[in-house]
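Here are a few short exercises to work through with the model open in your viewer. Try each task before you read its solution.

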Amino acid sequence: MINKTVSTIVSLFMVLTMWTLMPVDVNVEGSESSNTSGQTIWDHEVPFRGIKPLDGIATGEIYTDKPGDETVITSRDGGTYIIYLEDDHWIKEKIWESPGQQLTPAIGDLRTDKTGNEILVVGLSSGSEGEEPGDGTATVLIREGTSWVAERAYTDDELIHGCAIGDIDPTIPGVEAVLTTFNHTAMMIWWDTDHWNSSFMFSDGHNIRKAIIADLIDTNEGNEVICVSKSGNATLAYGTVDNWTWERIYQGESLARVAVGDVDPDPGLEIYLGLDVADGRVIGMKWTGSEWINQTVFTDTDKNRGVWTGDVDPTVPGNELYTFGYSTRLVQVTGSFALGWNSRELFRDVARGHEIRVGDIHPEIPGNEIGIVGYSSNFTVVYPSEWVYDVPFTGTEPIDGIAVGEIYPDRKGSETVITSRDGGTYISYREDGNWKNEKIWESPGQQLTPSIGDLIPEREGNEILVVGLSSGDENSDPGDGTATVLYRDGTSWVPTRAFTDDFLIHGCDIGDLDPNHEGMEAVLTTFNFTAVMIWWEDGEWHNDLIFTDSHNVRKAVIADLIDTHEGNEVICVSKSGNATLAYGTTGNWIVERIYSGIPLARVAVGNVDPDPGLEIYLGGDVATGSVIGLKWTGTEWIDTVVFEDTAKNRGVWTGDVDPDVPGQELYAYGYSTKLTQIIDPFGTGRSSREIYSDTARGHEIRIGDIDPDKGGNEIGIVGYSKRLVVVSLRDEGEPVVPTLTGEGAASLNHGESASIDLMVDGESYMTLEVSEIEGARISLHPESVFIKGSVKLMIEAEHVKEDITEDVTITLHHIGGTVTRTVSISITGDSSEPEVDTTSVSAGEAITWEELVNVTLSEPVTRSSFGSAVGSDKIGLEVEGVVQNVVFTLSEDGSVISVSMTEDVGRGDAILTIGGLMDLAGNEMETFTLDIEIKKEENDDPGSTWLVILIIAVVLIVLIMTFVFLGKKKEDEDDVPDLPSQ
């Protein structure tokens, strides 16, 4: 039994040894990713926290001496508030205490006799919408000096729910307001010299919710009003005080909200309707010049309570559509009626939403921002961050490790190595404006951590060290722990086993640790509770134990931490809670525990603190995701908690990414999904801010010059989102260069069709065109894309004789210029002549003239060559040397010739000739002849004809004699006398 076990182990070792020596050449030329380019990351602030839900919001100019817009909000606490930013602080003014619930505010110059704008607020005289509602009211708030005065402009029997201010009636100076009521009416009000006046516009079958004023129809003078009702009606109205024209332009399910904007790239404004239904759909409406068309542009998970449009996102040209509702989600919608719509969530509130507006709410931030209110009782401002992100790689399994460094010295910037649980080790890099990915190794077991460095001095450039398992994964049937070095041999990557342990090797780092060795060494951290140094010397790998811990050693970093010691040190962290510092030479290591506390998962070294020297940052494997900062004072190590998260830490790293922060910054990432920037970690100015949140929990982070197209460094993060995400600061005025990605080649036979799917990511409306090649018809569908979408390149190969290999160029035209992509097309030509399939006919076969002769060809032939061959007697039938008048037909697909004969055809030995035919590629077939016999039928014999005549004559004679005999017998019966009666 022991011998058998030893034999098995030896066999496995031999297999593993052979595996490590096998070269790997997997997609070394790289594939392009279909990532989105430079997507906006969104920030938010909460300028106002109330005690009751907020119903309404409006943005506009109230205080002319202040920059930007002011925001008006109406709260169920009875207050109408103005919010604005002044001297870096949000100011809140309560300008009116209403006796009843107020639903909607609007801002505009309703009183032409007063300076500046007024605020219109609509709602109830008392009570609330759900409890003892009073009359419907429209109240105008007017500024008198430093005070605000409330003036009743209109009263209704039912709640007034919505309002809008604009120039509706061209015969009235200034602007007017539209009110939408639960009395099922739409009313116009205006200041008429010295009093408020009103005009009935139209009525509906149910509560009218909201209204908006805009110039929707060019053929009509002035603006129009669009109102939405719980009845499901969207009603367009225009005219003057005494003459209103209105039209139901949409009838469907119950409506709650309405917005107007220019989101679609085609000319003119569109209308967007928010539905009061469980899936919170948003319906887009567009005037074609002759009719209104509509389509669903977005579907939510609960009722819609806000749609609005505006130019907020700098990476999207023109306006975007924003929607908000009971789902709590604030969502951006972009696209077009022609090409479809895209949506993505920007922010999730803590309670269901009620209304949304867009404006210059935060004057210190360029452009517009989004304001939302609702049942959270918060007024929240959402705006584009200065941070953006790219997704160079999207995989099928979580990604455990990432390293950034130089692998290809002939390319700008750094390359990124990632290790995926799909077994692949990948290199990702930026080239020609696109992200490219190479799979350089397929590992049989989970690989946790990569590192980049010059481990084999006699080989040019850096190698890649990857540590993990020989088979299985960390949680299921793990094999041995392995350290594998990947080096480049020509265009292939070769794996070589550098170290094997009994347990998982979890972490590694490359650096110059032992000054007695030439070149660099690597430190491995293992679940065998050890830290091991490996190095290449005299053509083989060597190793030395540095220290042993009491639990799994997770990660290591090599750096020059102590000035009084020559060379570098290594700092390792363990699940035991130990942070261990080690330095020395092979067989002579000095080891010191510089921290013992919470279980640790990650470690980084950097110069974040302004004091001289490097600091150490430890990521805690605890629910608070604590990051511990360690700093050498010159006599001792001090530690402090510099950051706490909401879940376990799985990444700390330092780097100079943000130019607004002197020196380096500290970044933390983990199971909370949040990527957080931490500055001044040891000082009094310590602060942290979330700069990005991934779609699933994070696992590791690195910083470097990942995108050479951008200035400075970027942050790379990986984890359970199965993506490599690169987070960076937006360049000032940074253009979004579209990407055009997909397969780079297609092969097909003559006469066949093929297609290639391409992906387009851009910044606006783009058009595409493709070059031509001889021997194929090339086309694209569609030929235009808005922001992003898929495009199909279609190839229809003609029937050609020669093989063709040519490139087609696809050109993508965008605002900033063009992007091109080349696709290689290979067509296999047809060099063979058509032939007769001899299995379809038999030489010497005897047939009758009534039988149809079908001759099958090896491939289709052209109808023109067939017609020419028949007309020139290259196709014919002879019997006993005489040409016969027969009919030849060619099947619809051109592959079968049929021979039809008449009764007049000759009988005897026949020769069928077929020639002069060409296939679709122009290859002419050799003349084919076939000997057959056209035999006589039995009724073709004259003797048989006389026999038939004789038989017929005999039958006639018999019949005649029978009739004569019967007639005679009848006559005899008639001559017998009658017998006497009884």
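**Exercise 1.** Which residues of β31 point one way, which the other way, and are they buried or exposed?

*Solution.* Start with the two faces: Glu415, Val417 and Thr419 point one way from β31, while Thr416, Ile418 and Ser420 point the other way. In a regular strand, side chains alternate between the two faces of the sheet. Next, check burial, where buried means under 20% relative accessible area, exposed over 50%, and partly exposed in between (1.4 Å probe, protein chains only). Six of the six residues of β31 (residues 415-420) are buried, so the strand is largely enclosed by the rest of the structure. Strands here are DSSP E runs of at least two residues, numbered from the N terminus.

A word on the source: this is a predicted model, so local features need pLDDT of at least 70 and side-chain atom pairs pLDDT 80 or more, while totals for chains, interfaces and linings use all residues. Residues are numbered from 1 along each chain as its sequence is written, and side-chain values use heavy atoms, with hydrogens and water left out.

**Exercise 2.** What stands opposite Val417 in the strands that pair with β31?

*Solution.* Strands pair if DSSP finds at least two bridges between them. First take β30 (residues 399-405), which pairs with β31 in the antiparallel sense over six bridges; there, Ala403 stands opposite Val417. Then go to β32 (residues 424-431), joined to β31 by four bridges, again antiparallel. In β32, Ile427 is the bridge partner of Val417. Finally, look at the hairpin of β31 and β32: it has three residues between the strands, and Gly423 takes a positive phi near 95 degrees.

**Exercise 3.** How many bridges join β35 to β34, and how many to β36?

*Solution.* Six bridges join β34 to β35, running antiparallel, and Pro450 stands opposite Val466 of β35. On to β36 (residues 481-489): six bridges join this strand to β35, also antiparallel, and Leu465 has Val485 as its bridge partner. As for burial, seven of the seven residues of β35 are buried, so this strand too is largely enclosed by the rest of the structure.

**Exercise 4.** Where does Leu216 lie, and is Leu216 buried or exposed?

*Solution.* Find the loop between β15 (208-214) and β16 (224-229); Leu216 lies there. Its relative accessibility is 7%, so Leu216 counts as buried. Now get the C-alpha to C-alpha distance to Val260: the two residues are 8.6 Å apart in space and 44 residues apart in sequence.
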